[in-house]
Amino acid sequence: MNLESVSPFIHSLHEQNKLERVLREELDTGFFVGKKKLGKELVFIAGPCSVENEEMILDSSLAVKAAGCDALRGGVYKPCTYPVNIEKDGWKEGTREEGLKFLNSAKNASGLQVVSEVMSPRQLEAAYDCIDIIQVGTRNFQNYALLDELSKQTKPVILKRGTWATLEEILGASERLLNSSLTEMAICLRGIIGGPPYRHIYPSTRWQPDLMMVCALKEHTKIPVIYDPSHATGRRQFVKVISQAAVACGCDGLIIEAHPDPPNSVSDADQAISFDELKMLVDSCYDIYRALVSK
Ligand code: PEP
Ligand code: MN
């Protein structure tokens, strides 16, 4: 690719050796999610926003597998917009270390790998043995203490785009992750700050889908791109179409919030879909993907 003509600014960062790793033509940071190699085949990761209790995550893991997905997602450390001081049924900004035990049971029952977020080096240590694919959430996209710690280990990382982040900031944060031992990572787009008319569609549509960034990242880097249509839309009725659009834009995988009882999800209830809806979404996205790769 001719970086100079695509983006003189990124070209100049390359010239200054600031983006040495992420722009490499032969770079391969794709990793296996179940049997599929990310970047080679369309990957689906799904599950609840939050691991609420053992039974729900066990049920979810089996349903996610039955829907044709490759890995289970579920947060145990939840970054809440407002501080939660009261513990309710074992949940207080997540089920935390107890939730890790539930995730382990779900892994054993379903045989699926798990994707879960950590927000600090301390949480990374506590969760390390349980989590197969480590998620960095949007709020910690430029948490350098965390990124530097993650760069020194070898489990694959999914880096979610900061809601404010530019193309070069996404590449810069990825470069930081690849600075030491870590070789396997993906970038996850999850919606960005939109203008007021967009934000006011519904109170839960806090973010604007950032589909064109899939195409822009593909112009510059071989790092696989995962799309999160759940946070990008904030509303379950939009999740399927935005997933389809993301596949049409060339994303390598989707990460979707699905819940056994969507309206009663402890967190992000407005964007959770049911497992029946998940199955239909997976099938329809595969159809689009197959049509595109056969061309
Ligand atoms: C999540 O995946 O549940 C989450 C909190 O995502 P984000 O960091 O993109 O808001
Ligand atoms: Mn969520």
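**Overall fold and manganese site**

Buried residues account for 55% of the 295 residues in the protein, as computed from a predicted model. The secondary structure consists of 12 helices and 12 strands. The C-alpha trace extends over about 55 × 40 × 40 Å along its principal axes. A compact globule with 295 residues would have a radius of gyration near 19 Å, and the 18 Å found for the protein therefore agrees with such a globule. Of the contacts between residues at least 6 apart in sequence, 68% join residues at least 24 apart.

The accessible surface of the protein amounts to about 12800 Å², and carbon and sulfur atoms contribute 53% of it. The protein carries 33 positive and 39 negative charges, the mean positions of which are 1 Å apart.

The manganese ion (ligand 2) has as its protein donors Cys49 (SG), His231 (NE2), Glu257 (OE) and Asp268 (OD), at 2.1 to 2.5 Å from the ion. Along the chain, these donors follow the spacing C-x181-H-x25-E-x10-D. Cysteine 49 is located in the loop between strand 3 (43-47) and helix 3 (54-66), whereas aspartate 268 is located in the loop between strand 12 (253-257) and helix 12 (275-293); the pair therefore ties together parts that lie 219 residues apart in sequence.

The two residues of this pair were also examined for accessibility. Cysteine 49 has a relative accessibility of 4% and so counts as buried, buried being defined as under 20%. Aspartate 268, with a relative accessible area of 26%, is partly exposed.

Definitions and conventions:
Residues are numbered from 1 along each chain as its sequence is written. Chains are lettered from A and ligands numbered from 1 in the order in which they are written. This is a predicted model: local features need pLDDT of at least 70, side-chain atom pairs count only at pLDDT 80 or more; totals for chains, interfaces and linings use all residues. Side-chain values use heavy atoms; hydrogens and water are left out. Donors are N, O and S atoms within 2.8 Å of the metal (3.2 Å for Na, K and Ca); water is not among the atoms, so sites may look incomplete. Helices (H or I, at least four residues) and strands (E, at least two) are DSSP runs, numbered from the N terminus. Buried means under 20% relative accessible area, exposed over 50%, partly exposed in between (1.4 Å probe, protein chains only). The radius of gyration is taken over C-alpha atoms; the globule rule is 2.2 Å times the number of residues to the power 0.38. Contact means heavy atoms within 4.5 Å. Accessible areas come from the Shrake-Rupley method with a 1.4 Å probe; for residues, only the protein chains shown count as cover. Lys and Arg count as positive and Asp and Glu as negative; His and the chain ends are not counted. The place of a charge is taken as NZ of Lys, CZ of Arg, CG of Asp or CD of Glu.
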